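Dear colleague,

I am handing over the structure that we talked about, and below it you will find what came out of going through it. Please keep it open beside this email as you read.

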Amino acid sequence: MNILSLFVLIPVLTCIGIVFTKNMKQTRLVSAIGMSIQLILAGLLVYLYLAERQAGNMAEMLFTYDALWFPTLNIHYTVGVDGISVAMIALTGIVVFAGIFASWKMEFLSREFFISLILLATGVFGFFISLDLFTMFLFYEIAVIPMYLLIGIWGSGPKEYSAMKLTLMLMGGSALLMVGLLGIYFYSAPDGGQLTWNLLEISKINIPIEMQRFLFPFTFIGFGILGALFPFHTWSPDGHASAPTAVSMLHAGVLMKLGGYGAFRVAIFLMPEAAQEQAWIFLILTSISVVYGAFGAIWQKDLKYINAYSSVSHCGLVLFAVLMMNQTAFNGAIIQMISHGLMTALFFALIGMIYGRTHTRMINEMGGLMKVMPFLGVVYVIAGLASLGLPGLSGFVAEMTIFFGAYQHTDTFHRILTIMATTSIVVTAVYILRVVGILLLGPIKNDHFLHLDDAKWYERLSTITLVVAIAAIGIAPLWLSDMINVSLAPIVNKISMAGFEFTSLF
Amino acid sequence: MDEVYLFVTKKILFNLVSRPVAWFDRHIVDGFMNLIARVIERSAYMIKGFQSGRIQQYGYVFVSGTIVLVIIFIYIW
């Protein structure tokens, strides 16, 4: 059996296993076992991938497998990974694992909750391994739909409103995306041969420029909505604020990355000429996202809203880097996706844990929590420092690489946008340090807080896993950026044929 | 120096930039998204009466539609 298919099979088997459990303890045990296997498998995949490359296998995609499943439209189940998708799979494995332990005390309809959560993970894993555009889209939908139930049933606050808003907006994105993908399919054989959904085969041909001009915005905005592209980001604050802890973690940590990954892997890779022509429009929008999200976060009072706006800013940076279209910026975009995925998952996990104790998420009602829950407090500070880009943690590596890449464009337009985006670093520091100051330091505002306890073992396991990953990328970033760089070469070549001058620092 | 710092952060960054951005996002950007939802809801409400289940009404629409089409085909086409 192909190792990649296991990434879809194990979550499905875990879901089936959960159906037969009798109580919450059994349910969470089965989920934890399933997702631990998945995490180990992700680690093994990284190892096998690096070993293959070490052995000199320079194929564009490794561990490929292909099976035809709908002959009429030539739809295949084609899987394969390169360094970029391996990195994204490893991220997903870590976040899902941490998410299971962050929902350890989920008592209400626990079986249904864990099934929906793992189903969502199945969609994400499937998306990252797919090379067939239709199968990729199918997994994308599998990932989006359980979100509605997860927020609508297990959420808090105006959960029905938020669930509906999030789902409808993402579905709107899917509709645009479907138009884009169908267009790509129907122009996948300009010489009159067999039409194909296969990403690699399509990358070898040139879609006519007139069609690219029409299809690129559909595809890019379709993915961009999931990547919180301004002004289609408004599902994000409400959705994240209402979602239960593990769902916020998965959504901001992994699902939003589907947007960035898709925009890069499908929209820009397959339609580079149109991307080159239209990049300026989207660059302006993403630069707005970056700065606007950061300023929006300052004024928020609810911890989850702060983090949701911060995600808009950080995910904006991913799309911003993707549109800069050079190797260094691409590399930065991928590292930023991973860095932000880990960091925001950690933030949402901590917010869930703090809320579970204080029963409020309003920062002005809290204070001095470092004294009563030192472990959670310290981890919150670490997450904050990673978010504001402190050297030694993952955020610094990602943002530096992006700004290096962006600054390689020598024209005034790109320079101005780069400088604009860079200011977000300062604004991020403002809202992160302000929250840390109000929330963790100073006097304890409520006597009830004096009786609160610190993190339990499962909460420590969840947060430590994420902290270790953040620190690992921060301290030793080169193994990751090398792994990504090798796989960027074919993509950069394809785009350079579209008339680009490429420069790279690595 | 402290006063300058406080003026820049509190007065300019927080009150003059961040606050309007947060307001703009909630009321204008998000408000526009909610407006789209409301327009769809209203139009669904307006046209739901067309499906009344009354056969006579369907009959009138059917016959008048046919007449309009016949007129179009004979005199205008």
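A good place to begin is A:Cys15, which counts as buried because its relative accessibility is 9%, a value under the cut-off of 20%. By the same cut-off of under 20%, A:Cys315 is buried too, since its relative accessibility is 4%. As for bonds between cysteines, the count over all chains comes to 0 disulfides, and it may help to recall that a disulfide is a covalent bond between the sulfur atoms of two cysteines.

Please bear in mind that this is a predicted model. In chain A the mean pLDDT is 88, with 98% of the residues reaching 70 or more. Residues 501–506 of chain A, however, have a pLDDT below 50, although this stretch makes 22 contacts in the model beyond near neighbours in sequence.

Turning to where the two chains meet, 20 residues of chain A and 15 residues of chain B take part in the contact. Between them an area of about 1500 Å² is buried, and carbon and sulfur atoms give 67% of that area. There are 9 residue pairs in polar contact between chain B and chain A, counting pairs with both residues at pLDDT 80 or more. On the side of chain B that touches chain A, the residues divide into 8 nonpolar, 3 polar and 4 charged.

The count of salt bridges between chain B and chain A is 2. A:Lys165 forms a salt bridge with B:Asp30, in which the closest N and O atoms lie 2.5 Å apart.

With best wishes

Terms used:
Residues are numbered from 1 along each chain as its sequence is written. Chains are lettered from A and ligands numbered from 1 in the order in which they are written. This is a predicted model: local features need pLDDT of at least 70, side-chain atom pairs count only at pLDDT 80 or more; totals for chains, interfaces and linings use all residues. Side-chain values use heavy atoms; hydrogens and water are left out. Contact means heavy atoms within 4.5 Å. Buried area is the accessible area (1.4 Å probe) that two parts lose on being put together, summed over both. A salt bridge is a side-chain nitrogen of Lys or Arg within 4 Å of a carboxyl oxygen of Asp or Glu. A polar contact is a pair of N or O atoms within 3.5 Å; within protein, one must be able to donate a hydrogen and the other to accept it, and residues adjacent in sequence count only if both atoms are side-chain atoms. Ala, Val, Leu, Ile, Met, Phe, Trp, Tyr, Cys and Pro count as nonpolar, Asp, Glu, Lys and Arg as charged, and the others, Gly among them, as polar. A disulfide is a pair of cysteine sulfur atoms within 2.5 Å. Buried means under 20% relative accessible area, exposed over 50%, partly exposed in between (1.4 Å probe, protein chains only). pLDDT is the predictor's confidence in each residue, from 0 to 100.
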